[in-house]
Amino acid sequence: MNRPAPPHSPFKSCTVPRPIGWLSSVSPEGKENIAPYSQWQNLTFDPPMVMFSANHYPDGRRKDTVLNAEQTGWFVWNMATYALREEVNKSAMALPNGESEWEHLDVTKEFADNHPIPMVKESPVKFECQYLSTHRLNGNSSVGNIDIVFARVEKIHIDDEVLTPEGLLDIPKIQPIARMGYYDYTVVKETFEMRVPGADEDARLGLEGTAR
């Protein structure tokens, strides 16, 4: 039976939930930037590497986060949590040229160790990411064009208060938020564990990680 197409594209609502790349960066001239990206992911763990993709503006301009990462060699990922949801949303605002998102946020700045990039102190987990490369893919329009940025995580900051006595991240306590489709988000409030039957040492290492 043929049905009419839905009024809105279901594409983004099918790949859910998507972790949020709340990325802070700074230009070579010292202009500070922070913005959320819903196309963000880890790539591997040895060494830890990440990626995010940023759509171009309708007029063809590239996102400041991409340019800053390319020009300075660094950016920071700040974990987006339910407690910080309003600040994450405000940082997505389109602002006049020369104005920083940080001026509109009710958060505390602290600075990364590898490069003077502001980080959100209230965010319980931060990654200092060293830029590796950019891969560009063309879409059907200017806004469909994307820059895919690859980076290596050089330092991880974790607040002690979000660790369990065993040294694991207490995700239900942190309550990370994730992107859905349309204007929707979700929040992680509960977790459950499943172990792969017969997993060998290499498989366990990949799942559990090591602090070395």
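In this predicted model, the second largest pocket has a volume of about 1,100 Å³. Its lining is made up of 41 residues, and A35, P36, Y57, K63 and A92 are those that lie nearest the centre of the pocket. Several elements contribute to this lining: helices α1 (11-14), α2 and α3 (85-90), together with strands β3 and β5, each supply at least two residues. By chemical character, the lining of the second largest pocket consists of 17 nonpolar, 15 polar and nine charged residues.

One of the residues nearest the centre of this pocket, A35, can also be related to a residue distant in sequence. A94 and A35 are separated by 59 residues along the chain, yet their C-alpha atoms are 9.9 Å apart in space. A94 belongs to the loop that connects α3 and β7 (109-111). With a relative accessible area of 79%, A94 lies above the 50% limit and is therefore classed as exposed.

Strand β3, which supplies part of the pocket lining, also contains E32. The relative accessible area of E32 is 17%; because this value is under 20%, the residue counts as buried. Beyond its neighbours within four places in sequence, E32 is in contact with S25, V26, S100, E101, W102, K109, F111 and P118.

Strand β3 is also part of an open sheet of seven strands, arranged in the order β3-β2-β6-β9-β10-β5-β4 with antiparallel pairing. The edges of this sheet are occupied by β3 (32-37) and β4, each of which has a single partner strand, so that one side of each is left without a neighbour in the sheet. From one strand to the next, the twist averages 30°. Helix α2 (residues 64-72) lies across β2, β3, β5, β6, β9 and β10 (146-158), and runs at about 50° to β2.

Within the seven-strand sheet, β6 stands between β2 and β9 in the strand order. Towards one neighbour, β6 pairs with strand β2 (residues 21-26) in the antiparallel sense over three bridges, and V76 of β6 is the bridge partner of S24. Towards the other, β6 pairs with strand β9 (residues 125-137), again in the antiparallel sense, over five bridges. In this second pairing, F75 is found opposite C129 of β9.

The surroundings of β6 are also reflected in the accessibility of its residues. Five of the five residues of this strand (residues 74-78) are buried, so the strand is largely enclosed by the rest of the structure. The covering extends to both faces of β6: W74, V76 and N78 are buried on one side, and F75 and W77 are buried on the other.

At the opposite end of the strand order from β3, the sheet closes its list with β5 and β4. Strand β4 (residues 40-45) and strand β5 (residues 48-55) are joined in the antiparallel sense over five bridges, with N42 opposite V50 of β5. These two strands form a hairpin that has two residues between them. P47 is located in the loop of this hairpin, between β4 and β5. The peptide bond leading from D46 to P47 is cis, with omega near 5°. In general, most peptide bonds are trans.

A second open sheet consists of three strands in the order β1-β11-β12, and its pairing is likewise antiparallel. Its edge strands, β1 (18-19) and β12 (185-187), each pair on one side only. Strands β1 and β11 (residues 177-179) are paired in the antiparallel sense over two bridges, and R179 of β11 is the bridge partner of R18.

Two residues with positive phi values are found in loops that adjoin β11. Q175 lies in the loop between α4 (171-174) and β11, and its phi is near 55°. Y182, in the loop between β11 and β12, also has a phi near 55°. Neither residue is a glycine. Most residues other than glycine have a negative phi. Both residues are partly exposed, with relative accessible areas of 24% for Q175 and 46% for Y182; these values fall between the limits of 20% and 50%, and the residues are therefore classed as neither buried nor exposed.

Technical notes: Residues are numbered from 1 along each chain as its sequence is written. This is a predicted model: local features need pLDDT of at least 70, side-chain atom pairs count only at pLDDT 80 or more; totals for chains, interfaces and linings use all residues. Side-chain values use heavy atoms; hydrogens and water are left out. Buried means under 20% relative accessible area, exposed over 50%, partly exposed in between (1.4 Å probe, protein chains only). Helices (H or I, at least four residues) and strands (E, at least two) are DSSP runs, numbered from the N terminus. Two strands pair if DSSP finds at least two bridges between them. Axes are lines fitted to C-alpha atoms, for helices over the stretch in contact, and angles run from 0 to 180 degrees between N-to-C directions. Contact means heavy atoms within 4.5 Å. On a 1 Å grid over the protein atoms alone, a cavity is a set of points where a 1.4 Å probe fits but cannot get out, and a pocket is an open set with protein on both sides within 12 Å along at least five of seven lines; lining residues have an atom within 4 Å of a point. Grid points are joined across faces, edges and corners, and a volume is the space filled by probe spheres set on the points. Ala, Val, Leu, Ile, Met, Phe, Trp, Tyr, Cys and Pro count as nonpolar, Asp, Glu, Lys and Arg as charged, and the others, Gly among them, as polar.
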